[in-house]
Structures are given as C-alpha cells and as structure tokens.
Amino acid sequence: MLNNPIIGARTNILCVIGHPIEHSMSPVMHNAALNDLSLDYIYLAFDIPPNDLEKAILGFKKSNMKGINVTIPHKEAIIHYLDELDPLSKQIGAVNTIKNEGGVLLGRNTDALGAKQALLDGGFKIEGKKALILGAGGAARAISFALSEKMGEIFISNRTEEKAIKLAKELQDKTKIKATGKDMSEKTLRSLAYSVDILINTTPIGMYPKIDISPISKDLLNENLFIFDIIYNPLQTRLLKDAKKIGSKTLNGLDMFVNQGAIAFEWWTGKKPNVKLMKEIIIEELGNK
Ligand SMILES: NC(=O)c1ccc[n+]([C@@H]2O[C@H](COP(=O)([O-])OP(=O)(O)OC[C@H]3O[C@@H](n4cnc5c(N)ncnc54)[C@H](OP(=O)(O)O)[C@@H]3O)[C@@H](O)[C@H]2O)c1
C-alpha cells in the first residue's frame, strides 16, 4: 500500500531502462524506499531496445524524468547521450545512474561504489590484496576500477581471453594497479586460485534459473580465499555454498545491489533511504519468485 496519497502532475519520475527489463528488482526496491519517506516520486521500468535508446533518452531529457538507472545492454552506449560524467564512470567507460538536472544529464557508476562498500562492510580489507575476477563485462570493469586504487594486483579471467587482456591493459594504463588478463580454463584458474586473497565472480554462471553450476571447481577453492559472488538471485549460489563448506568467508550480491540503489536514491532525492527496508523487500521478492 502506497503512503504517497496521490500521483499528481508534480510527481517526480524515476526509472530503470534496459532490454529486457521485466525481471528488474529496482522498481520494487526504490518505490518501497520512496514510500517509506513519503516522497512525491514514482519509479518505473521501461524496456528500451538498443535501436530506440537515443530517442528514449532524448525524450527523458526534456521531461520530468529526474533520475534513470541503466542496465544491460545500455551501460556503455548510454554515455554518448550524456552531458557530464564523474571521473570514475569516465575511467570505467560505463554508467548505471543518470541525474537529469533541468535537461542536463549527469552520469555516474554506482555499481562500482556499491561493490566496494559491500566488500568493506563484509569485512574484506582491500589494501595491498590480490584479486582474481571472473568475467570481463560491465560489472567486472566497474569493480576492477573501483578496487584499483587500494588493491595490490588484479587478475582478470574471462571466457573470451581478449576481453580480459583488453580490460587489464586499460586498468594498467588508467590506474597504477598491476593487472593481467587471462582465459578462464581450469588450468589457468588452478594456477591463480592459491595465489590470490579474493575471488570475485562477475559472470552470470550460477544465476537463476541455472542455479546448479559454478564458474570454478570446488577443488580450487581454499579456506583463505574470500569469495564474493555478485549474483543475488539466488542469494546462495552454488559457488557460495561450495565456499562455505570449505570454510571460506563469503559475500553475495545483495549488498552491492542495495548499495548502488541507495547511492542513486540519495543523489536523486537528497535523502538517505532506509537501506534495511530495501534489503528486506528484495529478499521478500526473491522468495516470491
Ligand atoms: N549485485 C549487483 O548489484 C550486480 C550489478 C551488476 C551486475 N550483476 C550481475 O553480474 C553479472 C554480469 O553482469 P555484467 O553487467 O557484467 O554482464 P556483461 O557485461 O554481459 O558481462 C558478462 C561476463 O560474463 C561472461 N560470461 C557470460 N556467460 C558466460 C558463461 N556461460 N561462461 C563463462 N563466462 C560467461 C562474459 O564473458 P564473454 O566476454 O566471453 O562473453 C562476460 O565477461 C550478471 O549476473 C548480473 O546480474 C550484479
């Protein structure tokens, strides 16, 4: 039940755009937080195919759309239509949050900040550590750049090796971190798993509905390895279950997701959202699926 009495002509609109979009948890999470503070806002979801991105974003720019979250597949392409980027999203080359300031579109990457905050809150000390990141897509880019300031060394392991090598080179060129790109074969993972402090899965392997698979064999895990799986559906992936059996510290993708949403919410509305409520509503939604 909404606390906001009326959606009226002055109601501010927020949204998420992606393709597809019907599985997004952002509307339910943001509307719960907006209602909790009785803010005159509504958060909607729009399915925008890539060919319609330009028309959609130019329309939003001229409207009372105050903020936009951007998800797969638009996080990189959207940059062409924005007026300003903050330094981190410029480095990453991807944006997941836009603020519309009277027709001027500002872009940020709150995935990066959300992941870093989740790791710190999860008890992982980043300074000088070595990371193995599985995947070299948008989330891997955001996380590797966010961690590059404090991390000691980053290995990126990806199904398409060239993408891992390209991201590692960009990291080395744009930041001071030592980074290496590799393939994602068992042999490569075996050679790296024992030499790093943290393993971060940014591939969709293990995500609903194919929940019985893991991106890395259980034999390659060890109790000293911190395991961060950024998937949040399910909350306990096969990888995290395997890691827990071995005694490793683990973190799922829920805090990253809620953090990126909370940073965006505060940027748009100027108010701090109820993060506990945002988390609870996602857990409830996942339970209903
Ligand atoms: N918790 C959060 O807040 C949060 C935020 C963002 C994303 N995510 C999750 O992170 C995952 C990735 O998102 P993204 O935006 O980075 O996607 P993306 O840009 O499409 O990248 C996906 C990456 O995973 C690899 N991959 C895909 N399927 C694979 C498979 N079957 N085997 C091996 N590698 C595979 C791809 O490798 P190739 O280069 O070889 O194609 C690519 O490196 C999704 O599950 C998404 O839900 C979570």
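In which sense do β3 and strand β5 (residues 97–101) pair, parallel or antiparallel? The answer is antiparallel, and three bridges hold the register between β3 and β5. Within this pairing, Ile68 stands opposite Ile98 of β5. Please keep in mind as we go that this is a predicted model.

Let's stay with β3 for a moment. Strand β3 covers residues 65–70, and five of its six residues are buried, so the rest of the structure largely encloses it. Buried here means under 20% relative accessible area. β3 also pairs with strand β1 (residues 12–18), in this case in the parallel sense and over five bridges. If you would like a place to look, find Ile17, whose bridge partner in β3 is Val70. As a reminder, strands of a sheet pair through backbone hydrogen bonds, either parallel or antiparallel.

Moving along the chain from β3, you come to the loop between β3 and β4 (84–85), where Pro73 is found. The peptide bond that joins Ile72 and Pro73 is cis, with omega at about 10°.

Now turn to another sheet, an open one of six strands in the order β9-β8-β7-β10-β11-β12, with parallel pairing. At its edges stand β9 (178–182) and β12 (250–251); each has a single partner strand, so one side of each is left without a neighbour in the sheet. Elsewhere in the order, strand β7 (residues 130–134) and strand β8 (residues 153–157) run parallel and are joined by five bridges. Here Leu132 stands opposite Phe155 in β8.

What lies across β10, β11 and β12? That is helix α8 (residues 238–246), which runs at about 165° to β11. In the loop between β11 and α8 you will meet Pro234, and the peptide bond from Asn233 to Pro234 is cis, with omega near 10°.

Another loop of this region, between β10 (198–201) and β11 (226–229), holds Ile211. Together with Met207 and Tyr208, Ile211 makes a nonpolar surface patch of about 280 Å². Ile211 counts as partly exposed because its relative accessibility is 36%.

One last stop is Ser38, in the loop between α1 (26–36) and β2 (41–47). Ser38 has a phi near 50°, a positive value in a residue other than glycine. With a relative accessible area of 49%, Ser38 is partly exposed.

Note on methods. Residues numbered from 1 in each chain as written. Predicted model: local features only at pLDDT ≥ 70, side-chain atom pairs only at ≥ 80, totals over all residues. Heavy atoms only, no water. Patch = residues over 30% accessible without salt bridge, like charges linked within 9 Å, V, L, I, M, F, W, Y side chains within 5 Å. Areas by Shrake-Rupley, 256 points an atom, 1.4 Å probe, with all protein chains shown as cover. Salt bridge = Lys/Arg side-chain N within 4 Å of Asp/Glu carboxyl O. Helix = DSSP H or I, 4+ residues; strand = E, 2+ residues; numbered from the N terminus. Buried < 20%, exposed > 50% of the residue type's maximum accessible area, 1.4 Å probe, protein only. Pairing = 2+ DSSP bridges. Contact = heavy atoms within 4.5 Å. Axes fitted to C-alpha atoms, helices over the stretch in contact; angles between N-to-C directions.
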